[in-house]
Amino acid sequence: KDDHDNIEEFHFQYKVRYFFEVPDNDEPAVELMYVQAKHDVVDARYPCSDQDAVTLAALQIQEEFGDCPESDCQYLAGNLGKYLSEKIISDRNDDSALEAQLLKLYAKLQGYSQQEARLSYLDYVKSWKIYGSAYFFAEPKQNRDFPNQVVLAINAKGILVVDPDTKSYLQEYPYSQVVTWGHSPNSFVVVTGNAVKQTKVYFKTEFGKEMNTMVRAYVEVLAGGAGGSTAT
């Protein structure tokens, strides 16, 4: 065998870790945030309706190709999976109807520049509570309001307690209500309330240190009024 056959290839992939605000005129930063957002939407990391997904897919096509051609458009032929999650495609079970719906919305975006399409896409997903979340499995302790296992979604707005089965929000802890937080090697704790009354919630998790670091980064930026994005 040729020595080249044994060469391993490695690919470095940059991902957004902290979802801070970036200026609309910072094109490289907007592009990075957009690429991450479309990956997360198509990968179904964010629960969303079929209509939301199709609207975002139309913006993605406009961003990639520009205005819809006047003649027969073949951009979607065999490529639905590039713009929509597998779940939506399989649930609808009618590629032709899905393509027609998508092309109709795409045609309405005539005149959107690439940057405008990216910003519109980001504005859309930023309205979701779950946008920009990192997910951590955890077991609530001393709390009968939660199931035995939950997902803690941490983002720039706060901490969400999510039901892993229904994807519903069981509790929300915006940072404005978080008094303090902490961790141990196998737990994470968050204290909410005010100077008069406080509530402490414990979670058993092996990700306590990572969660603590992420919450601290977001709170520090909010306290300092800074902006920017961090990729790793």
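## Helix 2 meets helix 4

Let's start with a pair of helices: the axes of helix 2 and helix 4 (residues 95-107) come within 9 Å of each other and cross at roughly 60°. Keep in mind that this is a predicted model. With that angle, helix 2 and helix 4 are oblique to each other, because an angle that is neither under 35 degrees, nor over 145, nor from 65 to 115 counts as oblique. The crossing of helix 2 past helix 4 is right-handed.

Who does the touching here? On the helix 2 side you'll find Q51, V54, T55, A57, A58, I61, Q62 and F65, and on the helix 4 side L98, Q101, L102, L105 and Y106. Sorted by class, this contact has nine nonpolar and four polar residues, with no charged ones.

## Helix 2 meets helix 5

Now follow helix 2 to another partner, helix 5 (residues 114-126): their axes come within 8 Å and cross at roughly 160°. That angle makes helix 2 roughly antiparallel to helix 5, since anything over 145 degrees counts that way. This crossing of helix 2 and helix 5 is left-handed.

From helix 2, the residues taking part are D52, T55, L56, L59, Q60, Q62 and E63, and they meet Q114, A117, R118, S120, Y121, Y124 and V125 of helix 5. The mix in this contact of helix 2 with helix 5 is six nonpolar, five polar and three charged residues.

## Helix 1 joins in

Helix 2 has a further neighbour to look at, helix 1. How do the axes of helix 1 and helix 2 cross? They come within 11 Å and cross at roughly 140°, so helix 1 and helix 2 are oblique to each other. As for handedness, the crossing of helix 1 and helix 2 is left-handed.

In this contact, Y34, K38, V41 and V42 of helix 1 meet L56, Q60 and E63 of helix 2. By class, that gives four nonpolar residues, one polar and two charged for the contact of helix 1 with helix 2.

## The largest pocket

Time to leave the helix pairs and look at open space. The largest pocket has a volume of about 420 Å³. Its lining is made up of 23 residues, and the ones closest to the pocket's centre are A44, R45, Y46, P47 and K167.

Which elements give two or more residues to the lining of the largest pocket? They are helix 1 (27-42), helix 2 (50-65), helix 3 (86-92) and strand 2 (134-141). Helix 3 supplies the largest share of that lining, with three residues. Split by class, the lining of the largest pocket has 16 nonpolar residues, six charged and one polar. So helix 1 and helix 2, which you met above as an oblique pair, also turn up in the lining of this pocket.

Notes: Residues are numbered from 1 along each chain as its sequence is written. This is a predicted model: local features need pLDDT of at least 70, side-chain atom pairs count only at pLDDT 80 or more; totals for chains, interfaces and linings use all residues. Side-chain values use heavy atoms; hydrogens and water are left out. On a 1 Å grid over the protein atoms alone, a cavity is a set of points where a 1.4 Å probe fits but cannot get out, and a pocket is an open set with protein on both sides within 12 Å along at least five of seven lines; lining residues have an atom within 4 Å of a point. Grid points are joined across faces, edges and corners, and a volume is the space filled by probe spheres set on the points. Helices (H or I, at least four residues) and strands (E, at least two) are DSSP runs, numbered from the N terminus. Ala, Val, Leu, Ile, Met, Phe, Trp, Tyr, Cys and Pro count as nonpolar, Asp, Glu, Lys and Arg as charged, and the others, Gly among them, as polar. Axes are lines fitted to C-alpha atoms, for helices over the stretch in contact, and angles run from 0 to 180 degrees between N-to-C directions. A crossing is left-handed if the near helix is turned anticlockwise from the far one by less than a right angle, and right-handed if clockwise. Contact means heavy atoms within 4.5 Å.
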